[in-house]
Amino acid sequence: MTAVDASPPKELPLTAKAFKTDQDVRWCPGCGDYAILNSVQRLLPELGLKRENIVFVSGIGCSSRFPYYLNTYGMHSIHGRAPAIATGLAVARPDLSVWVVTGDGDALSIGGNHLIHVLRRNVNVKILLFNNEIYGLTKGQYSPTSKPGKITKSTPMGSIDHPFNAVSLALGAEATFVARALDSDRAGLTRALRAAARHRGTAVVEIFQNCPVFNDGAFDLQREPGRQHRHLIPLRHREPVRFGASGEIGVIRDSRTGTLSVRAVAESDPESVVVHDEQRPDPSQAFSLSRLGGPDPAHIVTGVFRAVQRPTYDDLARAQVEAAKEAAPANLAALLRGNESWTVT
């Protein structure tokens, strides 16, 4: 008699195709969201997780259609509140990989308060912040990241607001992981996404992406064929911050004032070239790198700015619950009720 193998069949590794849905992807032709979606779908198989253990939560905006296009669990939530919903998921379900997809309007305007608090709490979620410097879904109003003077339907004489720098904001909120990427730079975007996925704690990745209808060309300097290497400054851990065709340009620290600037390496003291350390506990150098160029920069710094370890909010919350159960396993109701109560008659 031939023995029958009763063991369950081995599951084949998932591919990018496994994370695509049957929904028509509906963004404007030329939108940077297509490139980001493709990069995320290619990344997800690397996590080694089942699709039912991955959740994408979005707010409102063009970027927030993401849950429809990923074959995972997902929720299209309310404007600006995706971090709050994701926090609840991360605390209640430690078995899930929780992702937030948001835009510059959704995250930095109505959702600004929720964003900074999820960052400081260090909840174990990954936040993809799409930044096209405009409100796209609501048809072209200026956003919290629009450049000064930007003419839109809501600022016909030009914006008089000073814009947020999303990376600076995240670093100021003590985020443990902060990165930036450009939609057209697939290699750089994939590196940032992969590092964010590995991080234990809140990981925020700002992704500059083009809106071809309402803010076309916002990042043309960084896309120009043959010249983009002069305008993109890639960060690499424990390496000097140099760029250009042959690394001839560098980020230089002034020995007298400590400020950073972009200059030719040949015209500078080699010792003054900044060496990047994403694991440095003090975020001040990362913050200075995020400020290079001001609100209308010729140069954009990309890569991982900060990646440090700190206890996560969800781990600490679950530990408190377990400690409370052990301390009063037979009288949990009394513990929850507390010692102070009132009877209203």
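In this predicted model, Val 275 touches Arg 238, Glu 239, Pro 240, Arg 280 and Gln 285, leaving aside residues up to four places away in sequence. Val 275 sits in the loop that runs between strand 10 (260-264) and helix 8 (284-290). Its relative accessible area comes out at 41%, so Val 275 counts as partly exposed, the class that falls between the 20% and 50% cut-offs. As for Ile 249, 26 residues separate it from Val 275 in sequence, and the C-alpha to C-alpha distance between the two is 14 Å.

Turning to the sheet, eight strands line up in the order 2-1-3-4-6-5-11-7, making an open sheet with mixed pairing. Its edges are strand 2 (73-76) and strand 7 (232-234), each of which pairs on one side only. On average, neighbouring strands here are turned by 20° against each other, direction ignored. At the strand 2 end, the partner is strand 1 (residues 54-58), and the two run in the parallel sense with four bridges between them. Within that pair, Phe 56 stands opposite Gly 74 of strand 2.

Helix 7 (residues 186-198) is laid across a good part of this sheet: strand 3 (97-103), strand 4 (126-131), strand 5 (177-182), strand 6 (203-208) and strand 11 (300-307). Relative to strand 5, helix 7 runs at about 160°.

Then there is helix 3 (residues 82-92), which has helix 5 (residues 112-121) as one packing partner, the axes coming within 8 Å and crossing at roughly 35°. The contact brings Pro 83, Ala 84 and Thr 87 of helix 3 up against His 114, Leu 115 and Val 118 of helix 5. Sorted by class, the residues of this contact are four nonpolar and two polar, with no charged ones.

Helix 3 also packs with helix 9 (residues 313-327), this time at an angle of about 50° and with the axes 8 Å apart. That angle is why helix 3 is described as oblique to helix 9. The crossing of helix 3 past helix 9 is right-handed. On the helix 3 side, the residues involved are Thr 87, Ala 90 and Val 91, and they meet Tyr 313, Asp 314, Ala 317 and Arg 318 of helix 9. This contact breaks down into four nonpolar, one polar and two charged residues. Thr 87 of helix 3 thus turns up in the contact with helix 5 and again in the one with helix 9.

Methods: Residues are numbered from 1 along each chain as its sequence is written. This is a predicted model: local features need pLDDT of at least 70, side-chain atom pairs count only at pLDDT 80 or more; totals for chains, interfaces and linings use all residues. Side-chain values use heavy atoms; hydrogens and water are left out. Two strands pair if DSSP finds at least two bridges between them. Axes are lines fitted to C-alpha atoms, for helices over the stretch in contact, and angles run from 0 to 180 degrees between N-to-C directions. Contact means heavy atoms within 4.5 Å. Ala, Val, Leu, Ile, Met, Phe, Trp, Tyr, Cys and Pro count as nonpolar, Asp, Glu, Lys and Arg as charged, and the others, Gly among them, as polar. Buried means under 20% relative accessible area, exposed over 50%, partly exposed in between (1.4 Å probe, protein chains only). Angles under 35 degrees count as roughly parallel, over 145 as roughly antiparallel, 65 to 115 as roughly perpendicular and the rest as oblique. A crossing is left-handed if the near helix is turned anticlockwise from the far one by less than a right angle, and right-handed if clockwise.
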